[in-house]
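The following paragraphs lead a new reader through one protein chain, from its overall form to a few individual residues. Please keep the sequence and the structure in view while reading.

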Amino acid sequence: MLNIDLTGRRALVAGVADDAGYGFAIAKALAEAGASVCVGTWPPALNIFMMLLERGKIDKARELADGRTLEFERIYPLDALYDTLEDAPDDIKNTRQYKDVGDFSIDGLASRMVAEFGEKPLDILVHSLANAPEVKNPLLETSRKGYLAALSASSFSLTAMIKRMGPLMRPGGAVLSLSYLAGERVIPGYGGGMSSSKAALESDTRVLAFEAGRRYGLRVNAISAGPLASRAARAIGAIADMVTIVAENSPIPEPVTAMEVGLVTTFLCSPLASGITGTVIYVDKGYHTMGIGASFATLQELQEKDKTKR
Ligand code: NAD
């Protein structure tokens, strides 16, 4: 029987700070397949995440199908805006949330993994993070600073992570990031340069697949996921309505679940997908295939009216 067995492999999922987002579900699915999972958590969210774990608030979500519990092998502080600690400005380094967590840069995380697990500590790298300070602003009202900040946190961070961690990954390694339809179609409200950052992420996925494939033997793919009421998405607003509208208009008229994205990630990062790289896979119940923004019911009503007119 075919199955996905990631026993003996180590994954790093960057962008986990609670149990509501795609990163957590991906971590859980990878653990279901037997991988050991480390996570990278944004310093401003680190304390809250540790509290959720310590107080047992996400114990239920951590239950695995075979009775085990999802344990994070390590929880590293990570601010993916910074390649090295020197890149972080002093006013960030000295804030309460950053000053006691150690080196929170991409380089800091990579160095810690090498110190703790050896020269080649990693098989799977998942980039499940995004940030845009002006996400609520339409593109026409986005500042240059806000736009570039969105690209830096949400797109270049993938390149920076592969640049630093590619050499640390074992043969057969795989990288996966999370994109959204807004990178190729207009989604009003997804502002502040976030749509541009997803377009860049998808383009980079193709180029990085070529470069990191040739250089390190890695595969690089992205999932274009349907809307989910994660913490980040709730900050954008109207996410509940978005989930409903998309579900109502999808070929499979249901909301996508975080675990569905987790399962496809696990497949893409497993040897079963050894032939897939440089690709963006939609996990959105087929919404991206639709060419009209009406629900089936509305369409049928229109067709009925049309018949009565003839
Ligand atoms: P989430 O809140 O679970 O994850 C986003 C994470 O990014 C958070 O843990 C946050 O702390 C972290 N983060 C923000 N800035 C960071 C930085 N500078 N360095 C390191 N970490 C940082 O939300 P999510 O919606 O599950 O997002 C995960 C990924 O999925 C993102 O790339 C997002 O764009 C993508 N995505 C989300 C949706 C959706 O509707 N929720 C749809 C398609 C794609």
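Helices and strands are taken here as DSSP runs, a helix having at least four residues and a strand at least two, and they are numbered from the N terminus. The model is a predicted one. Threonine 266 offers a place to begin: this residue lies in helix α9, which spans residues 258-268.

Before that residue is followed further, the whole chain deserves a description. The chain holds 10 helices and seven strands. Its radius of gyration is 20 Å, close to the 19 Å that the globule rule gives for 310 residues, so the chain is as compact as a globular protein of that length. Taken along the principal axes, the box filled by the C-alpha atoms is roughly 75 × 55 × 45 Å. Of the 310 residues, 47% count as buried. Among contacts with a separation of 6 or more, 77% are between residues 24 or more positions apart. The accessible surface amounts to about 15300 Å², and carbon and sulfur atoms contribute 55% of that area. As for charge, the chain has 33 positive and 36 negative charges, whose mean positions are 2 Å apart.

Is threonine 266 buried or exposed? Its relative accessibility is 3%, and the cut-off for a buried residue is under 20%, so threonine 266 counts as buried. Its side chain reaches the backbone oxygen of glycine 262 at 2.8 Å. The two positions are four places apart, and in general, residues three or four places apart in an α-helix point the same way, because such a helix has 3.6 residues a turn. Beyond its neighbours within four places in sequence, threonine 266 is in contact with Ile4, Leu6, Ala29, Leu30 and Ala33.

Two of these partners, Ala29 and Leu30, are among the buried residues of helix α1. Helix α1 covers residues 22-32 and is mostly covered itself, with 10 of its 11 residues buried. Its buried residues also include Tyr22, Phe24 and Lys28. After α1 comes glycine 34, which has a positive phi near 100 degrees.

A second buried position is found in a strand. Histidine 127 belongs to β4, residues 122-127, and its relative accessible area is 1%. Which side chain does that of histidine 127 meet in a polar contact? The partner is the side chain of serine 157, at 2.8 Å. Serine 157 also appears among the residues in contact with histidine 127 outside its neighbours within four places, a list that includes Ala14, Ala153, Met161, Leu178 and Leu201. Glycine 15 stands 112 residues from histidine 127 in sequence, yet their C-alpha atoms are 6.8 Å apart.

Valine 243, in helix α8 (residues 239-248), is likewise buried, with a relative accessible area of 16%. Leaving aside neighbours within four places, valine 243 touches Pro227, Leu228, Ala229 and Pro255. Arginine 55 is 188 residues from valine 243 along the chain, and 30 Å separates their C-alpha atoms.

The last stop is a loop. Lysine 285 lies between β7 (280-283) and α10 (296-309). Most residues other than glycine have a negative phi. Lysine 285, although not a glycine, has a positive phi of about 60 degrees. With a relative accessible area of 17%, lysine 285 is buried as well.

Notes: Residues numbered from 1 in each chain as written. Predicted model: local features only at pLDDT ≥ 70, side-chain atom pairs only at ≥ 80, totals over all residues. Heavy atoms only, no water. Rg over C-alpha atoms; globule rule 2.2 N^0.38 Å. Buried < 20%, exposed > 50% of the residue type's maximum accessible area, 1.4 Å probe, protein only. Contact = heavy atoms within 4.5 Å. Areas by Shrake-Rupley, 256 points an atom, 1.4 Å probe, with all protein chains shown as cover. Lys, Arg positive; Asp, Glu negative; His and termini not counted. Charge placed at Lys NZ, Arg CZ, Asp CG, Glu CD. Polar contact = N/O pair within 3.5 Å; in protein donor to acceptor, adjacent residues only side chain to side chain.
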